[in-house]
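Welcome! Below are some short exercises, each with a solution worked out in steps. Have a look at the model before you begin.

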Amino acid sequence: SAQAVLFRWHQQGLNAFEQPCPAGATVFSQVENKLLRALTAPQNNIDTLLSDTRSCLQALDEALHKGRDRLLEYNSCRPAVAEALRHRALAEDRQSTLAQYMDSIFDCFGVHTEEHSNGRYIIRPGENMLTAFPQLQDEGMTITYDRDIALTHEDVHFLSWDHPMVVGAMDIVLSSELGNTSVITVEYDGIEAGTLLLEGIYIFESASSHALNTSRYLPPTTIRIILDESGTQYQADLSQEAIRQSSVQVDKDTAIRIIQAKLDELKQLTVQCEQLARKQAPNILAQAHRQAAELLVKEINRLQALSTVNRNIRPEEIDYFEQQLQALDKVLDGAGLRLDALRVIIAT
């Protein structure tokens with residue numbers, strides 16, 4: 001019967017009932033006409049069909065094996081490397097700065113915090129909270145940064161860098177206009193007292209595309225410029241840490257008087273800062289293009305080499321990465337510069 005022919009083809013031709021047969025579909029496409037004729041005339045001898053099937057299967061299996069070796073080597077686990085990564089992950093977990101970061105965030109946005117017990121903290125909306133804080137419950141919540149404590153106490157929320165509250169807090173910092181302008185005084189021996197400086201923070205970024213993963217090649221990049229009224233740059237001398245250690249906040253009334261008195265100079269300095277920032281942008285963009293080309297061309301070359309020994313590599317896969325590289329170049333070329341923050345600095 002036709003069923004008997006089909007059974008023999010699967011068993012004696014493909015051996016599909018006793019072991020995996022990844023090349024079965026390809027074999028079928030090559031002997032399909034012979035198989036269909038055998039099914040319509042089941043009384044005829046099918047030894048030739050079975051022999052052709054086995055020969056075709058053997059050739060394809062050998063091709064798959066040769067093509068698979070490189071992929072296995074490329075993706076196989078290397079115990080020494082994996083163990084080193086595991087130790088790094090555990091060390092990062094033990095030495096995390098998340099607790100200090102979130103304490104600063106809670107303090108800035110008016111979230112009330114108090115210690116519950118060792119390693120556990122209670123957070124609740126404060127009376128002067130500036131805005132709704134992401135994931136914070138109205139009745140408050142107990143949090144911890146210790147994984148073992150969270151596993152022991154199911155009612156305690158474990159905060160990690162991936163927690164929605166932490167991610168939401170970072171989004172608020174990045175998107176809020178709160179704190180993007182300020183006036184301070186700084187003691188620095190290399191600058192004459194009374195000198196006016198303007199610090200500009202610019203973000204160079206491209207349009208975000210999940211399909212192209214643009215942030216992998218050009219993440220939002222900070223460009224920092226500090227100028228005095230003569231056009232001298234100080235960003236190399238005045239680091240963020242140096243300013244943090246020696247700065248003094250200026251009260252609101254004094255800050256307003258300084259801005260009003262130096263408004264024209266500050267406008268001119270803003271223009272100069274942006275011009276200098278734009279001069280740095282091409283180098284950042286060129287680096288992003290080089291990184292994209294290096295990674296994607298490497299993948300294209302790998303697939304092209306693999307396709308010579310593995311027929312399962314389709315031309316469409318290679319075309320996909322070539323088209324992605326072209327589209328990525330266009331998106332990166334559309335990257336732009338935006339002003340993120342300004343700080344007026346008075347040397348004392």
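Two strands count as paired if DSSP finds at least two bridges between them, and strands are DSSP runs of at least two residues, numbered from the N terminus. Keep in mind that this is a predicted model.

**Exercise 1.** Find the partner strand of S5, and work out in which sense the two strands pair.

*Solution.* Start with S5, which covers residues 181-186. Next, look for S9, residues 336-347; S5 and S9 pair in the parallel sense over six bridges. To check the register, pick Ser182: the residue that stands opposite in S9 is Arg343.

**Exercise 2.** Place S5 and S9 in their sheet, and name the edge strands.

*Solution.* First, write down the strand order, which is S7-S6-S9-S5-S8. These five strands form an open sheet, and the pairing is mixed. Then look for strands that pair on one side only: these are S7 (221-228) and S8 (247-249), the edge strands. From one strand to the next, the twist averages 30°. Finally, add the helix that packs on the sheet: H11, residues 263-307, touches S6 (196-205), S7 and S9. The direction of H11 makes about 140° with that of S7.

**Exercise 3.** Trace the sheet that has the order S1-S2-S3-S4, one pair of strands at a time.

*Solution.* A general point helps here: strands of a sheet pair through backbone hydrogen bonds, either parallel or antiparallel.

1. Begin with S1 (residues 111-117) and S2 (residues 120-125), which pair in the antiparallel sense over six bridges. Two residues lie between the strands of this hairpin, where Gly119 takes a positive phi near 85°.
2. Move on to S2 and S3 (residues 141-144), which are also antiparallel, with four bridges.
3. Now follow Ile122 of S2 to either side. Glu114 stands opposite Ile122, and in S3 the bridge partner of Ile122 is Thr142. For Ile123, the residue opposite in S3 is Met141.
4. Put the strands together: the four form an open sheet with mixed pairing. Its edge strands are S1 and S4 (157-158), each pairing on one side only.

**Exercise 4.** Which elements supply residues to the lining of the largest pocket, and what classes of residue are found there?

*Solution.* The volume of this pocket is about 1300 Å³. Of its 35 lining residues, the closest to the centre are Val173, Leu178, Gly179, Asn180 and Ala341. Next, list the elements that each supply at least two residues: H5 (98-109), H7 (164-175), S5, S6, H9 (240-246), S8 and S9. H5 gives the largest share, six residues. Last, sort the lining by class: 17 residues are nonpolar, eleven polar and seven charged.

**Exercise 5.** Do the same for the second largest pocket: which element gives the most to its lining?

*Solution.* Here the volume is about 390 Å³. Of the 15 lining residues, Asp93, Arg94, Ser96, Tyr145 and Asp146 lie nearest the centre. H4 (79-94), H5 and H6 (147-152) each supply at least two residues. H4 gives the most, with four residues. By class, the lining of this second largest pocket has seven nonpolar, two polar and six charged residues.

Conventions: Residues are numbered from 1 along each chain as its sequence is written. This is a predicted model: local features need pLDDT of at least 70, side-chain atom pairs count only at pLDDT 80 or more; totals for chains, interfaces and linings use all residues. Side-chain values use heavy atoms; hydrogens and water are left out. Axes are lines fitted to C-alpha atoms, for helices over the stretch in contact, and angles run from 0 to 180 degrees between N-to-C directions. Contact means heavy atoms within 4.5 Å. On a 1 Å grid over the protein atoms alone, a cavity is a set of points where a 1.4 Å probe fits but cannot get out, and a pocket is an open set with protein on both sides within 12 Å along at least five of seven lines; lining residues have an atom within 4 Å of a point. Grid points are joined across faces, edges and corners, and a volume is the space filled by probe spheres set on the points. Ala, Val, Leu, Ile, Met, Phe, Trp, Tyr, Cys and Pro count as nonpolar, Asp, Glu, Lys and Arg as charged, and the others, Gly among them, as polar.
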